[in-house]
Each structure stands twice: as structure tokens, then as C-alpha cells.
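Thanks for coming, everyone. Have the sequence and the structure open while I talk, and stop me if you lose track of where we are.

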Amino acid sequence: MSVRLPAAFAALVLLAGCSSTTPTKPTAPSAPAAPVAAAPAPATPADDNLNAVAWSQNAIEHDLIYLQTYRDAQARLLAALADKQWDALPKDDRLTPAKGLQPAVVLDIDETVLDNTPYQARLVKSGGEYNEADWAAWCNEQRARALPGVVEFTQFAAKHGVQVIYISNRAKDLDQVTLANLRKEGLPVSGPEAFLGLGTFVEDCEQVGTEKGCRRQLISHKYRVLMQFGDQIGDFVTVLANNAAGRQKAVSPYMDWFGTRWFVLPNPTYGAWEPALFNNDWTAPRDERRRQKIQSLRFD
């Protein structure tokens with residue numbers, strides 16, 4: 001069925017149709033969008049050690065890990081002392097039977113007993129890297145603070161007749177300033193083997209790099225070691241190959257000793273774990289070392 005529109009309404013529709021087709025004035029073409037400028041390079045390059053140092057100095061979790069580690073060790077020490085078969089030296093370092101020897105505990109110094117993060121913080125601020133001259137200057141300041149829990153633990157050990165021995169990769173010529181720093185912080189220091197630094201001569205033992213095996217062998221002649229403490233696995237056992245496989249191989253025979261005879265402290269600021277990520281090549285440019293560290297990350 002067809003529908004008829006009234007004449008007046010039809011006229012309005014016709015006029016509306018005509019007006020909708022009236023040509024409009026052409027507009028000029030819009031200018032092409034300006035290219036987005038690249039973000040400016042940061043004024044200060046990112047420093048891989050910033051978060052590590054900031055965490056070590058500011059996170060209460062850092063201090064609590066040290067505190068609980070040394071408290072746990074202290075709670076176990078007297079049982080270890082009473083067990084005449086108890087020994088914390090790896091078999092390759094135990095050259096003399098431990099039975100009947102004077103008891104001792106062995107501690108690394110840096111980031112195990114003394115806090116050197118101010119030195120690391122200076123490097124972050126200056127954009128520099130570790131060098132022996134600046135490190136020696138820091139040690140000579142004798143300003144490193146004792147880490148949480150270690151004074152109480154070592155004093156407890158000394159009170160119960162346990163010798164406290166520090167095996168450190170601080171150079172032997174830093175022994176006097178190091179011992180002074182330890183005493184200043186309230187740590188027990190006594191006996192000729194109190195500090196065994198890098199460069200300590202051990203007869204019939206060839207020093208390999210900074211490994212501590214020769215110095216552990218030295219004390220094996222005189223002491224039964226109840227516990228060892230460190231922030232690197234080289235503080236406990238010799239690492240023949242500083243790569244993932246070599247580091248795992250070094251500790252595999254002693255996994256049951258961690259938390260009973262061996263106590264590991266956290267150190268994200270430096271250590272052998274880092275050069276293991278770039279084939280131990282410190283001569284590589286900093287950017288290349290950083291690239292290889294990023295490449296080592298897991299993403300799933």
C-alpha cells in the first residue's frame with residue numbers, strides 16, 4: 001500500500017534534501033604530524049650496584065638475616081663443641097685429625113663481620129669501580145661497623161673457650177688496621193692466627209688466586225673448626241672453576257652442612273658470583289659486562 005504525503009510536508013522534505021547537498025568550502029590539507037622526539041638520555045647512567053647497596057644499608061630485612069643467622073649459630077655452638085667428632089673443615093683442608101685439637105670458629109671479615117657498604121656507596125656516587133688504592137684507604141679509616149649479631153656470637157664463642165679466627169682476603173699488610181677496627185667494634189681478637197689475610201705464607205701449599213684453602217689447611221694443624229661463616233662460597237671450600245657448574249660442584253658434597261656447620265650471609269653488592277656471569281673477564285668494557293649480566297636473567 002502506497003502512502004501519500006501532504007503537499008506542504010513534501011515541499012519541506014524537498015527543501016531539506018536540497019540544502020544537504022550544498023557544496024562546502026574545501027579545507028586545506030592538515031600538516032603531517034611532527035615526529036615524536038626520542039626520550040633524552042638520563043643525565044646519570046644507571047648503576048648496577050645502586051639497589052644492592054641501598055638494600056644492604058636501609059632494608060631491615062638485611063639486618064634481620066644477619067641477626068637470625070648468628071643467633072641460630074650461637075644456639076648450636078655448645079652442642080658442636082661437645083661433639084668431639086664435629087668438624088667444619090672440608091676434607092681437602094683437614095690435614096691433621098681434628099680429635100683433641102683446640103676448638104675454633106672461622107669467619108670471613110668483609111660483609112660477614114664488618115660492613116663495608118659505605119665504600120660501595122662512594123663508588124655508586126662517583127660512578128667508579130673497585131680499585132686497590134681506594135679500598136686500602138677505606139680500610140685504613142677503620143670505620144667499618146660490625147654487622148648485626150656477630151659481636152654477641154663471637155663473644156659467646158670466646159667465653160666458652162672457642163678461638164675466633166678471621167680468614168680474609170684483605171691484604172696481609174692491612175692486618176694492623178683491620179685488627180684495630182675489629183677491636184673497636186667489640187670483636188674478640190687474640191692469638192697469632194686471629195687474622196689470616198691474603199698473602200699469608202703457608203709452607204708446602206701453593207696459593208691459587210684469592211682462594212683460602214691454604215689458610216684453612218694452616219689452621220687445620222692446630223684447631224678443630226666448629227663452624228665457618230662467609231658471604232662467598234670460597235669462604236668455605238675451594239672453587240676450582242668460577243662458573244655456574246664449578247660453583248655448584250664445589251658445594252654439592254656439603255649441602256647438609258649449611259645451617260649447621262656453614263653459615264652464609266647475603267652480599268648482593270659484590271663477589272665471585274658477579275664475574276661468573278661474564279666469564280670472569282674484568283677487562284671487558286663495563287657496558288659489555290652489563291649486557292652479559294642482563295643476558296643471564298631468567299624471564300620465565
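**Salt bridges, a disulfide and a pocket**

Let's start with a pair of charged side chains: Lys 293 and Glu 274 meet in a salt bridge, with N to O at 2.9 Å. Lys 293 sits in helix α10, residues 286–295, while Glu 274 is in the loop between β7 (262–264) and α10, so this pair ties together parts that are 19 residues apart in sequence. Are these two buried or exposed? Lys 293 is buried, and Glu 274 is buried too.

Before I go on, please remember that this is a predicted model. Everything I say today is computed from that prediction.

Back to charges. Side chains of opposite charge can pair when their charged atoms come close. How many salt bridges does a search of the whole structure find? The answer is 17, and I'll walk you through some of them.

Next up is Lys 222 with Glu 193, where the closest N and O atoms are 3.6 Å apart. Lys 222 is in the loop between α8 and β6 (223–230), and Glu 193 is in the loop between α7 (175–184) and β5 (195–198), so here the salt bridge ties together parts that are 29 residues apart in sequence. Glu 193 counts as buried because its relative accessibility is 16%, and the cut-off for buried is under 20%. Lys 222, at 38%, counts as partly exposed.

Now one inside a single helix. Arg 76 forms a salt bridge with Asp 72, and their closest N and O atoms are 3.3 Å apart. Both belong to helix α3, residues 60–82, and they are four residues apart, which is about one turn of the helix. How accessible are they? Arg 76 has 37% relative accessibility and counts as partly exposed. Asp 72 also lands in the partly exposed class, at 32%.

There's a network as well: salt bridges link Asp 47, Glu 129, Arg 286 and Arg 289. If you want to find it on screen, pick out those four residues together.

On to the cysteines. A disulfide is a covalent bond between the sulfur atoms of two cysteines. The search of the whole structure turns up one. Which cysteines form it? They are Cys 205 and Cys 214, with their sulfur atoms 2.0 Å apart. The torsion about that S-S bond is about -85°, so the disulfide is left-handed. As for accessibility, Cys 205 is partly exposed, with a relative accessible area of 22%, whereas Cys 214 is buried at 7%. While we're talking about cysteines, Cys 139 counts as buried, at 1% relative accessibility.

Go back one residue in your mind from Cys 205 to Asp 204, in the loop between β5 and α8. Asp 204 has a phi near 65°, a positive value in a residue other than glycine. With 78% relative accessibility, Asp 204 counts as exposed, the cut-off there being over 50%.

Gln 142 is another residue other than glycine with a positive phi, near 55°. You'll find Gln 142 in the loop between α5 (132–141) and β3.

Now for helix α6, residues 150–159. Its buried residues are Val 150, Val 151, Phe 153, Thr 154, Phe 156 and Ala 157. What do the buried residues of α6 pack against? Their partners are α3, β1 (102–107), β3 (145–146), β4 (163–171) and β6. You've already met α3 as the helix holding Arg 76 and Asp 72. After α6 comes Gly 161, where phi is positive, near 80°.

Last stop, the second largest pocket. Its space comes to about 460 Å³. The lining has 23 residues, and those closest to the centre are Asp 92, Val 237, Thr 238, Val 239 and Leu 240. Which helix gives the largest share of the lining? That's α8, with four residues. Both α8 (213–220) and α9 (244–251) supply at least two residues each. Cys 214, the buried half of the disulfide, falls within the range of residues that α8 spans, 213–220.

By class, the pocket lining comes out as eleven nonpolar, seven charged and five polar residues.

That's my tour. Over to you for questions.

Technical notes:
Residues are numbered from 1 along each chain as its sequence is written. This is a predicted model: local features need pLDDT of at least 70, side-chain atom pairs count only at pLDDT 80 or more; totals for chains, interfaces and linings use all residues. Side-chain values use heavy atoms; hydrogens and water are left out. On a 1 Å grid over the protein atoms alone, a cavity is a set of points where a 1.4 Å probe fits but cannot get out, and a pocket is an open set with protein on both sides within 12 Å along at least five of seven lines; lining residues have an atom within 4 Å of a point. Grid points are joined across faces, edges and corners, and a volume is the space filled by probe spheres set on the points. Ala, Val, Leu, Ile, Met, Phe, Trp, Tyr, Cys and Pro count as nonpolar, Asp, Glu, Lys and Arg as charged, and the others, Gly among them, as polar. Buried means under 20% relative accessible area, exposed over 50%, partly exposed in between (1.4 Å probe, protein chains only). A disulfide is a pair of cysteine sulfur atoms within 2.5 Å. Contact means heavy atoms within 4.5 Å.
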